[in-house]
Amino acid sequence: MLAGRLGALALPLLHRMDAETAHGLTIQALSRMPPLPRPDHDPRLRVEAFGLNFPNPVGIAAGFDKNAEVPDAMLGLGFGFAEVGTLTPKPQAGNPRPRIFRLPADEGVVNRLGFNNEGHAAGLARLKARAGRPGIVGVNIGANKDASDRAADYVQGVEAFAEVASYFTVNISSPNTPGLRDLQHEAALDDLLARVLAAREAAAGRHGRKPVLLKIAPDLALTDLDSVVAVARRRGIDGLIVSNTTVSRPASLREQGIAKEAGGLSGKPLFPLATRMLAEAFLRVEGAFPLVGVGGIHSAETAWAKIEAGATLIQLYSALVYKGAALVDDILAGLVRRLVAERLESLAPVVGRRAAEVVRQPVEGFLG
């Protein structure tokens, strides 16, 4: 696609800038682009999950479009769905800059943004302005750092965006809001999901029943993953997103100095850990709901591997920093080539077929 190829030409210039400045300029450029015609996707890539029909399985992960400024531009670039946010009830500045660090030799990124966003009101206004346009746009919701009742902030997110969200993602796995990951503990998670799902049901009569997904960390101990999956299944959520960034660091990183910066690591180095956690979750979920695989996808081969490990849908973000938007077309074309080679008419038979094998493979070199 021309827009993706032209964007790739700008990468060297963007990499000469501070990472956050470069990202802001990218969002500005996308917001000013004329609307792109929606691409025609190969019908073999269509996916049905939690009641929604996706034209292809590749989504833009939350964090790229924090304030819901460019979801339609991302859909025009070929993504099958877009997830905006994380959005919190009140605007918040996040952590002090600098707070995004590139690891170019590793094709990784460390960030400690801290849910910086303009808040519910600003995001809602933008999403209302696109009402009636096609495309699946999920809303990733979070809690303000200073919230006394963080579960109440998630409830507010459901209430605020029920009219405009295709689905919700409950983000309790960012490492950059102190104590947020404590919501993954069994009792806290059970209370949170009960309240969020009750809010979803209360809004369903006016706006339809919107799927609720839960986004978890790749750093969970397997006993904690057991508890998370048990609560998720008992409460009847619609899907699980595996995973967020990691606070661990592979010993194999070449950019060891930059990697010492505090924050979550994403990009290519995260792939082994996130994919192992995905496969572990797939085996525990036992088909109760679909999984979205995130973390380290940087090629058609890694996208395919993520699906084989258990992902019905996949998301990416950090790889765009190094490969540009043309990566989306490359992945979609690669997935079609694999389907043709195996004489398959959909991705459904591929989902999770290597999960048991993946969990038997050690993930070496990650340091806590």
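A residue counts as buried when its relative accessible area is under 20%, as exposed when that area is over 50%, and as partly exposed in between. The structure shown above is a predicted model, and with these cut-offs in hand we can walk through it, beginning with a charged residue. Arg233 has a relative accessible area of 35%, and because this value falls between the two limits, Arg233 is partly exposed.

Arg233 forms a salt bridge with Glu286, and the closest N and O atoms of the pair are 2.8 Å apart. Arg233 belongs to helix α8, whereas Glu286 sits in the loop between α10 (271-285) and β13 (291-294), so this pair ties together parts of the chain that are 53 residues apart in sequence. Glu286 itself counts as exposed, at 60% relative accessibility. Elsewhere, Glu308, Glu342, Arg353, Arg354 and Glu357 are joined into one network by salt bridges that share partners.

It helps to keep a general idea in mind here: side chains of opposite charge can pair when their charged atoms come close. In this model there are 27 salt bridges, and two further examples deserve a careful look. In one of them, Asp149 pairs with Arg195, with 2.8 Å between the closest N and O atoms. Since Asp149 lies in the loop between β7 (137-141) and α6 (150-161) while Arg195 lies in helix α7 (residues 186-207), the salt bridge ties together parts that are 46 residues apart in sequence. Asp149 is partly exposed at 32% relative accessibility, and Arg195 is partly exposed at 28%.

The other example joins Asp219 to Arg181, again with the closest N and O atoms 2.8 Å apart. Here distant parts of the chain are linked, for Asp219 is in the loop between β9 (212-216) and α8 (222-235), Arg181 is in the loop between β8 (167-171) and α7, and the two residues are 38 residues apart. Asp219, with a relative accessible area of 28%, is partly exposed, whereas Arg181, with 16%, is buried.

From charged pairs we can turn to the packing of two helices. The axes of α10 and helix α11 (residues 300-308) come within 9 Å and cross at roughly 25 degrees. Because angles under 35 degrees count as roughly parallel, α10 is roughly parallel to α11. On the α10 side the contact is made by Phe271, Ala274, Thr275 and Leu278, and on the α11 side by Thr302, Ala305 and Lys306. The residues of this contact divide into four nonpolar, two polar and one charged.

Finally, we can look at positions that carry an annotation. In the unreviewed UniProt entry, the annotation "binding site" covers Lys66, Asn111, Arg112, Leu113, Gly114, Phe115, Asn171, Asn176, Asn244 and Thr245. One of these, Lys66, is found in the loop between β3 (58-60) and α4 (71-76), and its relative accessible area of 14% makes it buried. Leaving aside residues up to four places away in sequence, Lys66 touches Gly85, Thr86, Leu87, Leu113, Phe115 and Asn116.

Phe115, which is also covered by the annotation, has its place in the loop between β6 (108-111) and α5 (120-129). At 4% relative accessibility, Phe115 counts as buried. With residues up to four places away in sequence again left out, the contacts of Phe115 include Lys66, Thr86, Gly142 and Ala143, as well as Asn171, a residue that the "binding site" annotation from the UniProt record covers too.

Technical notes
Residues numbered from 1 in each chain as written. Predicted model: local features only at pLDDT ≥ 70, side-chain atom pairs only at ≥ 80, totals over all residues. Heavy atoms only, no water. UniProt positions renumbered as here; feature names shortened; annotations may be inferred. Helix = DSSP H or I, 4+ residues; strand = E, 2+ residues; numbered from the N terminus. Buried < 20%, exposed > 50% of the residue type's maximum accessible area, 1.4 Å probe, protein only. Contact = heavy atoms within 4.5 Å. Salt bridge = Lys/Arg side-chain N within 4 Å of Asp/Glu carboxyl O. Axes fitted to C-alpha atoms, helices over the stretch in contact; angles between N-to-C directions. Parallel < 35°, antiparallel > 145°, perpendicular 65-115°, else oblique. Nonpolar A, V, L, I, M, F, W, Y, C, P; charged D, E, K, R; others polar.
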